[in-house]
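Biologist: Got a minute to go through this model with me? I'd like to hear the reasoning behind the labels.

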Amino acid sequence: MTSTTEAITGGRLMVELLEEAGVEIVFGYPGGAILPFYDELYHSKKIKHILVRHEQGAIHMAEGYARSTGKLGVCIATSGPGATNLITGLTDAKMDSVPILAITGQVATDAIGTDAFQEADIFGITIPITKYNALIKRADDLARHFEEAIKIAMGGRPGPVLLDFPKDVQLGKTTVRKASSLKIAPHHYERPKVKGDPQEFADALNQAKRPLLYVGGGAINSFASAEIKALAEKANAPVTTTLMGLGAFPGTHPLSVGMLGMHGTAYANKAVLECDYILNLGARFDDRVAKYQDFAPNAVRAHVDIDAAEFNKRINVDHILHGDLKDAIREILPFVKGGDRATWIENIQNLKKNHPLDFDNSGDTIKPQDFLNRVYTKTKGEAIVSTDVGQHQMWAAQYYLFDKPNTWLTSGGLGTMGYGLPAAIGAKFGNPDKTVICVTGDGSFQMCIQELATIAQSKLGVKILLFNNNFLGMVRQWQELFYEERFSESQWTYNPNFVKLAEAYDIPAMRIEKKSDIDKGVEFFLKDSGSALIEVMIPAEEKVFPMIPAGKSQQDLIEFKDLGKLKK
Amino acid sequence: MKHTLSILVNNHPGVMSHVSGLFTRRGYNIDSIAVGVTDNQEVSSMTIVLNGDDFVVGQVKNQLLKLPDVLKVQDMAYASSVQRELVLVSFSINESNRSEALTICNGFDVKILEMTEDSLLIEFSGNSRQVTNIIAVLKPFGIREISRTGQIAIAYRNQNAV
Ligand SMILES: Cc1ncc(C[n+]2csc(CCOP(=O)(O)OP(=O)(O)O)c2C)c(N)n1
């Protein structure tokens with residue numbers, strides 16, 4: 001450890017280290033065990049602190065901020081109940097590889113292990129849900145832990161880290177401001193060299209007659225969009241993305257076949273069945289996408305990933321490249337030849353024509369798909385969209401075409417209801433000039449609804465698009481299709497008046513119920529840069545299609561037009 | 001198939017939970033685990049024996065390497081490493097089988113730590129198969145207590161001499 005002469009408190013050092021790391025905004029909630037840090041934060045001119053209404057809100061905001069900006073997201077909580085309120089967000093960030101630094105207060109070191117007031121073993125609790133965590137026992141160790149934690153959060157496959165600071169460590173003095181050496185091995189933070197044979201990799205692609213690129217969230221983390229576009233265009237290969245990969249390849253590109261998986265497009269899922277070569281770029285063969293070993297049954301499979309533990313984890317592959325996606329594609333590109341794939345592309349065009357995303361838009365009710373289409377048109381596809389979890393999430397994924405990375409914020413791996421509103425808030429703080437829309441459902445919205453106050457307090461221009469079906473819609477859909485319409489506990493027999501509720505937080509709000517009101521609604525919703533809530537009443541029976549029933553594979557896809565088959 | 005992993009980790013609190021937690025979380029079963037510091041106070045060595053095919057062990061290795069406190073993971077092939085386990089066994093004897101018990105102890109290179117009227121306390125070290133054997137042989141006498149350390153392992157310097 002290198003030393004300077006002047007001793008400062010741990011709390012002061014924490015603030016300075018955050019400043020030095022370039023952190024401009026943190027989301028948090030104070031409490032006894034983290035007060036020394038908050039006292040120092042009071043003096044910081046560089047760090048803006050957003051006071052949330054619940055710590056779950058803080059971490060989802062940090063996630064929304066991180067995902068939409070590509071920077072580190074930081075959240076703060078006190079010990080015990082404050083810290084345990086971060087659990088859902090940490091798990092979410094781990095599943096979706098989001099770089100988060102969570103800072104928690106802890107009871108004083110001499111009280112640890114005594115069941116002291118507001119003590120929780122947050123270190124132990126968060127072992128399985130963080131990429132790295134540490135309890136810092138001495139102010140002298142603080143600098144090293146900080147540097148390590150941030151490097152680990154951002155490096156390799158990103159993820160959440162948690163540092164737990166006992167109160168006396170925040171109060172204690174130290175002269176050690178900078179780590180002289182790190183304890184962790186460099187491979188946890190240095191960009192790995194690409195391992196594997198790019199030429200062999202490219203050869204397999206060159207030989208393919210019907211190649212398909214399958215792009216995941218890793219593409220966003222590695223900022224590899226330009227490279228993916230270059231690869232797709234050079235190889236003349238269609239591209240499908242996972243839910244997490246939306247935006248990594250332009251959804252409006254002629255080679256795009258949209259999203260694959262459980263609620264992916266029929267043409268993407270059919271392309272998977274027909275392709276003779278599938279190149280996985282930073283996806284993880286998630287079970288909502290690739291149910292069985294017979295995924296892409298006729299294809300040679302290739303996989304590029306930064307995380308070696310993903311290779312052959314669920315699906316066996318024929319070719320592997322280990323490394324950062326951007327670097328790897330750059331190494332493959334020179335060997336890629338532009339084969340003649342006219343037949344395959346035509347085949348794909350036909351699939352698109354014959355199996356479009358579809359819904360019944362007759363009648364006077366408002367269909368969420370229609371509404372999302374109009375929002376897409378009105379925003380010219382340039383908004384950042386966050387969602388909660390359920391039908392509305394899938395409709396948004398299907399009907400808002402994402403052209404740019406970091407514009408689609410959704411809880412993919414964990415499927416966390418309550419994610420959408422705080423994520424949108426975090427994104428808006430990171431992108432004040434962009435339109436940020438939270439698409440939510442009447443169920444999910446109520447899980448972190450208290451963050452409306454955070455919007456109001458900061459006069460933040462977050463737009464809330466609330467689809468109200470008076471149901472936990474996705475649950476209802478499954479009950480209708482697979483549980484003989486026994487709607488066990490999925491119907492809301494009480495919902496608040498959402499318009500009045502928003503207005504209570506000074507957020508302009510409007511409810512629409514009829515198709516003829518859509519234009520008025522969209523106009524109201526997007527008229528200026530301020531916050532707004534629009535409550536769109538939609539039919540409870542509306543379903544998400546296509547759908548691959550749980551446990552089934554691509555062959556069993558049900559399209560809107562097959563609905564009859566399901567209900568025999 | 002049994003695999004023996006030799007793992008070097010940073011020696012600080014919580015590392016053991018990180019490592020064992022990884023096994024529980026992913027549903028891998030640990031047969032035995034033994035830990036001790038190395039000549040470097042900052043580094044501990046863990047020997048983990050687990051049952052699984054090459055695929056499972058490959059996954060375990062990759063997952064372990066993702067833990068920042070894990071410094072090195074080595075899969076010990078049986079033939080090219082020394083594997084040892086220590087066991088302490090206390091078992092019953094009587095007038096009529098005492099000499100039989102002592103003969104067994106002599107034959108197996110067993111150390112006798114305590115002998116009373118009706119019991120023997122012994123120490124034995126060997127590979128896990130030998131340890132299991134000795135326990136089986138002593139079982140008919142009536143075992144009172146057993147304490148096994150779990151296996152430790154180290155690779156031979158000369159990897160060609162099998
Ligand atoms: C925290 C949490 N609890 C439960 C679930 C299970 N779940 C998934 S979708 C869903 C229904 C969501 O309803 P709503 O938010 O109203 O959206 P809709 O499906 O109606 O669009 C539920 C309960 C979940 N994903 N997250």
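Biologist: What makes A:Asn469 a polar contact of the ligand?

Modeller: Keep in mind that this is a predicted model. In it, a polar side-chain atom of A:Asn469 sits 3.0 Å from an oxygen atom of the ligand. The cut-off for a pair of N or O atoms is 3.5 Å, so the pair with A:Asn469 counts as a polar contact.

Biologist: And what makes A:Ser444 and A:Met417 polar contacts?

Modeller: With A:Ser444, an N or O atom of the side chain is 2.6 Å from a ligand oxygen. With A:Met417, the backbone takes part: one of its N or O atoms lies 3.4 Å from a ligand nitrogen. Both values are within 3.5 Å, so both pairs qualify. As for cover, the ligand on its own has 580 Å² of accessible area, and the protein covers 76% of that.

Biologist: Which residues come closest to the ligand, and how many surround it?

Modeller: There are 17 around it, and the closest are A:Gln391, A:Gly415, A:Gly443, A:Ser444 and A:Gly473. Three helices of chain A each give the shell at least two residues: α16 (391-399), α18 (442-445) and α20 (473-482).

Biologist: How does that shell divide into nonpolar, polar and charged?

Modeller: Seven nonpolar, nine polar and one charged. Glycine is counted as polar here.

Biologist: Why are α15 and α22 of chain A called oblique?

Modeller: The axes of α15 (residues 368-378) and α22 (residues 518-526) of chain A cross at roughly 45° and come within 11 Å. Roughly parallel would need an angle under 35 degrees, and roughly perpendicular starts at 65. The angle fits neither, so α15(A) and α22(A) are oblique to each other. Their crossing is right-handed.

Biologist: What about α1 and α7 of chain A, at what angle do they pack?

Modeller: About 30°, with the axes of α1 (residues 10-20) and α7 (residues 142-154) of chain A 10 Å apart. That is under 35 degrees, so α1(A) is roughly parallel to α7(A). The crossing of α1(A) and α7(A) is right-handed.

Biologist: What is the omega of the peptide bond between A:Phe545 and A:Pro546?

Modeller: Omega is about 0°, and the bond is cis. A:Pro546 belongs to the loop between β20 (532-537) and α23 (563-566) of chain A.

Biologist: What stands out about phi of A:Phe285?

Modeller: Phi is near 50°, a positive value in a residue other than glycine. A:Phe285 is in a loop as well, between β12 (277-281) and β13 (300-305) of chain A.

Biologist: Last one: how many helices and strands does chain B have?

Modeller: Four helices and nine strands. Along the sequence they run β-α-β-β-α-β-β-α-β-β-α-β-β. The C-alpha trace of chain B spans about 60 × 40 × 30 Å along its principal axes.

Conventions. Residues numbered from 1 in each chain as written. Chains lettered and ligands numbered in written order. Predicted model: local features only at pLDDT ≥ 70, side-chain atom pairs only at ≥ 80, totals over all residues. Heavy atoms only, no water. Near = heavy atom within 4 Å. Polar contact = N/O pair within 3.5 Å; in protein donor to acceptor, adjacent residues only side chain to side chain. Areas by Shrake-Rupley, 256 points an atom, 1.4 Å probe, with all protein chains shown as cover. Axes fitted to C-alpha atoms, helices over the stretch in contact; angles between N-to-C directions. Parallel < 35°, antiparallel > 145°, perpendicular 65-115°, else oblique. Left-handed = near helix turned anticlockwise from the far one by under 90°.
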